[in-house]
Amino acid sequence: MKSVPSVTAALLLLSAVLLGVLVPGGPIETHNFSHISPWILGSFNTFLTSLDLGSFVIAYLAFRNKGWACRVAAFCGIAYFLVYVLDLAKIF
C-alpha cells in the first residue's frame, strides 16, 4: 500500500520542520539555557540537529517505499515525542 509510506514521510517531514526551527540557537528559540552545562546542551543540540537532518533522508526513503525506512521513521517519531516531552517538562 503506497499511502502508508507517503503519510509516514509527510509526518516525518512535518516533525523535522517544526523541530528544526526550535533547535537551540535557531530562528525562534527563546529559552534560556544558562542553567544547563554547555556539554549537555551541545550534546542535545547535536542530537536534535542529527535527528532533524536524518529525518529528511529517512522521509525520502520511506516515500520510496523502503520497508526498513518506515521502521526507522517510527524510532524517529519516538525520539521527536521524547524531545517534546523534555521541552514541555521544561528540562530543555
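Asn65 sits in the loop that links helix 2 to helix 3, helices being DSSP runs of H or I of at least four residues, numbered from the N terminus. The model is a predicted one, in which local features need pLDDT of at least 70 and side-chain atom pairs count only at pLDDT 80 or more, while totals for chains, interfaces and linings use all residues. Residues are numbered from 1 along each chain as its sequence is written, and side-chain values use heavy atoms, with hydrogens and water left out. Asn65 has a positive phi, near 70 degrees, in a residue other than glycine. Most residues other than glycine have a negative phi. With a relative accessible area of 43%, Asn65 is partly exposed; here buried means under 20% relative accessible area, exposed over 50%, and partly exposed in between, with a 1.4 Å probe and protein chains only.

The loop residue belongs to a plain α-α-α arrangement, read from the N terminus on. The chain holds three helices and zero strands, where a strand would be a DSSP run of E of at least two residues. Of its 92 residues, 29% count as buried. Among contacts between residues at least 6 apart in sequence, 73% join residues at least 24 apart, a contact being heavy atoms within 4.5 Å.

Helix 2, which Asn65 follows, offers a neat check on its own length. Its 26 residues, 38-63, should span 38 Å at 1.5 Å a residue, and the end C-alpha atoms are 37 Å apart, so the two values agree; the expected span is 1.5 Å times one less than the number of residues. Helix 2 nevertheless carries a kink of about 25 degrees, centred on Ser55, the bend at a residue being the angle between axes fitted to the seven residues ending there and the seven starting there.

What surrounds the residue at the kink? Leaving aside residues up to four places away in sequence, Ser55 touches Leu12, Ala16, Cys76 and Tyr80. Ser55 has a relative accessible area of 0% and therefore counts as buried. Its side chain also reaches the backbone oxygen of Leu51 at 2.6 Å, a polar contact in the sense of a pair of N or O atoms within 3.5 Å, of which, within protein, one must be able to donate a hydrogen and the other to accept it, and residues adjacent in sequence count only if both atoms are side-chain atoms.

Ser55 has buried company along helix 2, including Leu41, Phe44, Leu48, Leu51 and Asp52, as well as Ile58, Ala59, Leu61 and Ala62. The cover over these buried residues includes helix 1 (3-20) and helix 3 (67-88).

On the helix 3 side, the two helices pack at an angle of about 145 degrees with their axes 10 Å apart; axes are lines fitted to C-alpha atoms, for helices over the stretch in contact, and angles run from 0 to 180 degrees between N-to-C directions. The crossing of helix 2 and helix 3 is left-handed, as the term applies when the near helix is turned anticlockwise from the far one by less than a right angle. Helix 2 residues including Phe44, Phe47, Leu51 and Ser55 meet helix 3 residues, among them Trp68, Ala73, Cys76 and Tyr80.

On the helix 1 side, Ala9 is buried at 4% relative accessibility. Although 53 residues separate Ala9 from Ala62 in sequence, the two are 5.7 Å apart in space, C-alpha to C-alpha. Beyond residues up to four places away in sequence, Ala9 touches Ala59, Ala62 and Phe63. Leu13, also a residue of helix 1, is partly exposed at 34% relative accessibility. With the same exclusion of residues up to four places away, Leu13 touches Phe56 and Ala59. Leu13 and Tyr60, 47 residues apart in sequence, lie 9.1 Å apart in space, C-alpha to C-alpha.
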